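Thanks for coming. I will go through one structure today, starting with its sheets and then the helices and a few backbone details.

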Amino acid sequence: MLVSRVPGIRDRYLQFRRQKKGSRRQALFYLLWLNVQYYLFFRRSLLQPQRYPYYEQISLYRPGPESSLSRRESPQEFAARLAAYDVVSFDVFDTLLFRCFSDPTDLFHLVGMTLQYPDFKRLRREAEEHARLRKERTAGTREVTLSEIWKELAPLTGVSKETGMQAEWEWERRCCFANPYMAQVIAELRAMGKTPVALSDMYLGREQIQALLEGCGLGSFPVCLVSGDSGVSKSDGGLYRLLRRMGEGRTYVHVGDHPHSDCRQALRHGVQGVLYPNVNHRGNRYRAMDLSALTGSFYRGLVNARIHSGQSALSREYEFGFVYGGLFLVGYCRFLNACRRTHSFDKLLFLSRDGFLLQKAYCRMYPEEADTAVYAYWSRLAAVKLTAGCYPSEYFERFVDHKADCRLTLRQVLQSMELPHLLAPLCAQIHAAPDTQLTNKNRADVKSYFMEVFEDILAHYQEQQAAAKAYYQSLLNGCKSVAAVDIGWAGSGAVMLNCAVNRIWGLGCAVTGILAGTNTAASPQADAAEPFFLSGRLISYLYSQRENRDLWKFHDPAQNHNLYWELLLGAPQGSLIGFYPAPRGGVACRFKEPHADPGRIREIHRGALDFVDRFLQAEGRLGIPIPVSGRDAYAPMLLACSQKNRAYMESLEELLDEISIG
């Protein structure tokens with residue numbers, strides 16, 4: 001009645017619930033307040049859904065690394081503090097054990113998959129609530145067992161109780177992993193001669209809880225008190241009364257994530273409560289929510305566990321790579337592998353510099369393909385020079401049009417083109433001094449001169465042509481079809497490489513370009529690459545005119561979006577200037593000086609690769625692949641690149657590469 005009648009109210013309420021901004025009671029008060037504003041205060045703007053998408057409403061943490069919010073004493077120091085008590089107990093879920101989902105009920109999606117039952121998550125949650133209500137009426141307690149829940153659920157689903165319980169237990173076992181911080185604390189306590197105790201408000205039985213703890217490497221807990229078995233809970237204080245039966249004259253401390261159940265109730269029953277804040281409650285307020293249900297929950301669960309466990313202090317650069325680059329690496333590498341199998345490419349060429357991290361991640365994920373997933377030197381600057389004879393307009397656009405009014409002198413422009421010998425005749429023809437700046441007023445005259453001497457320009461690049469041909473002849477030996485992997489954006493790198501390989505050097509190897517993203521609606525030439533997408537010579541992962549058009553419309557090079565993505569992936573070394581004959585034979589590659597701090601770039605890469613490792617480990621425990629679509633892969637960066645978080649991204653802008661190619 002309160003939600004469905006007014007679209008704007010419904011939209012705001014559902015968004016409040018999706019972002020888990022408060023409890024059910026707080027959500028109800030929020031819903032009532034929206035209705036009061038509409039019906040009593042005549043706020044008609046509530047008729048319409050909210051104007052801004054979710055990512056314009058979430059503010060990222062700016063004062064420092066997000067992990068600083070959960071910085072804790074070392075596990076050794078914490079264990080020493082706990083060891084002062086006679087009995088040390090721990091909550092199990094979200095304290096000793098994490099699940100690989102940000103919402104524990106998302107596990108029910110996997111149970112529904114096993115049972116092949118639609119909308120199973122909703123049915124399972126409703127059955128648990130019905131079981132608790134029934135138990136409250138008959139026994140005066142809301143604590144239930146898994147058997148009692150499935151007694152309610154089996155008639156609703158037609159799935160036998162035994163089959164359902166086994167499926168749920170199997171997924172619970174696969175989804176749990178040890179909290180790395182608490183694993184060290186437990187090890188330290190045992191080394192001091194302490195025997196930790198486990199307490200849990202849970203419908204699983206004592207033996208199952210112990211099996212989970214042992215299976216996750218936390219060892220045996222001889223004393224394990226569980227609400228489902230005992231009929232009392234931490235929430236009502238009953239488990240603490242049972243705990244204190246270990247001796248009235250002893251001192252007790254309990255560690256857990258719930259302020260009421262693990263702290264306030266503990267204190268009321270003579271047990272010192274120590275709060276270990278729930279990592280998902282801490283982290284979800286900063287996480288992207290606009291992802292598919294399971295992939296999004298899996299991503300958030302991994303990120304929150306890493307950032308907020310308190311295991312270690314992390315740098316802003318590491319977090320940038322881990323939070324915003326890791327999911328993309330996993331998804332894009334999976335996409336590349338699928339393309340390779342579909343098109344039977346002989347090799348994947350990861351073009352420098354943006355292919356640097358991609359190639360590392362791909363070889364981690366597919367080590368059996370390390371010999372055919374190669375890092376290939378190529379750059380826009382080198383490509384424009386080598387293919388000038390085939391794409392003269394591109395050559396003039398990059399070297400003249402794009403440099404006009406950039407405060408560059410004619411001397412600097414000729415140096416970037418490696419044509420210093422043309423400076424004097426150019427200045428003589430257009431009646432300008434060498435230090436005259438290239439502007440929109442004189443660029444037509446400059447371009448006209450270059451067109452007159454274009455054959456001489458092409459001849460000047462012949463040595464580079466021969467060196468580049470030798471380099472790629474060796475790289476493509478025996479190949480008939482390869483993919484050139486790049487971040488994007490126009491696809492010109494792959495297109496020009498195909499031109500050089502086949503039209504100029506005659507090596508007879510088809511080159512298909514695979515891009516993260518292509519030109520967007522905000523690009524001056526939004527549809528420049530469409531013929532190549534139509535012919536299949538270019539393939540895009542994140543978005544294109546055909547797919548994920550919301551991203552195609554959002555991504556804006558003028559807002560540095562291209563550069564933020566390149567910052568995640570690019571090599572610490574400078575970009576390639578070109579290929580040259582080596583003094584003692586062979587080929588020499590020359591590079592620019594690195595523009596950014598290489599150490600901070602490596603820290604970004606360390607974070608992104610760490611996410612890849614953790615994703616694969618968690619996926620291995622589950623035993624099923626977690627798909628990462630292009631839309632899901634972009635979602636974290638969508639949040640970071642929103643206008644609301646402009647200040648957050650500005651802290652990284654000193655690391656951005658230059659926009660110009662010269």
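Before the sheets, one definition: two strands count as paired here if DSSP finds at least two bridges between them. Keep in mind also that this is a predicted model.

With that in hand, take strand E10, residues 481–486, and strand E11, residues 510–517. They run parallel and are joined by 6 bridges. To place one position in that pairing, Ser 481 stands opposite Ala 510 in E11.

Those two strands belong to an open sheet of 5 strands, ordered E9-E8-E10-E11-E12, with parallel pairing. At the edges are strand E9 (373–376) and strand E12 (538–543); each has a single partner strand, so one side of each is left without a neighbour in the sheet. From one strand to the next, the twist averages 25°.

Which strands does helix H15 lie across? H15 covers residues 316–343 and lies across strand E8 (347–351), E10, E11 and E12, and its direction is at about 150° to E12. Helix H24, residues 492–504, also lies across E8, E10, E11 and E12, and runs at about 170° to E11.

Now the other sheet I want to show. As a reminder, strands of a sheet pair through backbone hydrogen bonds, either parallel or antiparallel. This one is an open sheet of 5 strands with parallel pairing, in the order E5-E4-E1-E6-E7. Strand E5 (224–226) and strand E7 (272–275) are its edge strands, each pairing on one side only. Neighbouring strands are turned against each other by 20° on average, direction ignored.

Within this sheet, strand E4, residues 197–200, pairs with E5 in the parallel sense over 3 bridges. Leu 199 has Leu 225 of E5 as its bridge partner.

Two helices pack on this sheet. Helix H3, residues 75–82, touches strand E1 (87–91), strand E6 (252–256) and E7, and its direction makes about 145° with that of E6. Helix H8, residues 180–191, touches E1 and E6, and its direction makes about 160° with that of E1.

H3 and H8 also pack on each other, at an angle of about 50° and with their axes 8 Å apart. The pair is therefore oblique, and the crossing is right-handed. H3 contributes Pro 75, Gln 76, Phe 78, Ala 79 and Leu 82 to the contact, while H8 contributes Tyr 181, Met 182, Gln 184, Val 185, Glu 188 and Leu 189. By class, that contact of H3 with H8 has 8 nonpolar, 2 polar and 1 charged residues.

Two further helix pairs. The axes of helix H27 (residues 561–569) and helix H29 (residues 630–640) come within 12 Å and cross at roughly 110°. That makes H27 roughly perpendicular to H29. Tyr 564, Trp 565 and Leu 568 of H27 meet Ala 633, Tyr 634 and Met 637 of H29. What classes of residue make up this contact of H27 with H29? There are 6 nonpolar, no polar and no charged residues.

The other pair is helix H20, residues 423–430, with helix H21, residues 443–452. They pack at an angle of about 125°, with axes 10 Å apart. H20 and H21 are therefore oblique to each other, with a right-handed crossing. On the H20 side the contact residues are Pro 425, Leu 426, Gln 429 and Ile 430; on the H21 side they are Asp 445, Val 446, Tyr 449, Phe 450 and Glu 452. The contact of H20 with H21 divides into 6 nonpolar, 1 polar and 2 charged residues.

Next, electrostatics. How many salt bridges does the structure hold? The count is 37. One of them joins the side chains of Asp 91 and Lys 234, at 2.7 Å, N to O. It links distant parts of the chain: Asp 91 is in strand E1, and Lys 234 is in the loop between helix H10 (227–230) and helix H11 (238–243), 143 residues apart.

Last, the backbone. Most residues other than glycine have a negative phi, and most peptide bonds are trans. Here are three places to check against that. The peptide bond from Ser 352 to Arg 353 is cis, with omega near -5°, and Arg 353 sits in the loop between E8 and helix H16 (356–365). The peptide bond from Gly 488 to Trp 489 is also cis, with omega near 20°; Trp 489 is in the loop between E10 and H24. Finally, Ser 344, in the loop between H15 and E8, has a positive phi, near 55°.

Notes
Residues are numbered from 1 along each chain as its sequence is written. This is a predicted model: local features need pLDDT of at least 70, side-chain atom pairs count only at pLDDT 80 or more; totals for chains, interfaces and linings use all residues. Side-chain values use heavy atoms; hydrogens and water are left out. Axes are lines fitted to C-alpha atoms, for helices over the stretch in contact, and angles run from 0 to 180 degrees between N-to-C directions. Helices (H or I, at least four residues) and strands (E, at least two) are DSSP runs, numbered from the N terminus. Angles under 35 degrees count as roughly parallel, over 145 as roughly antiparallel, 65 to 115 as roughly perpendicular and the rest as oblique. A crossing is left-handed if the near helix is turned anticlockwise from the far one by less than a right angle, and right-handed if clockwise. Contact means heavy atoms within 4.5 Å. Ala, Val, Leu, Ile, Met, Phe, Trp, Tyr, Cys and Pro count as nonpolar, Asp, Glu, Lys and Arg as charged, and the others, Gly among them, as polar. A salt bridge is a side-chain nitrogen of Lys or Arg within 4 Å of a carboxyl oxygen of Asp or Glu.
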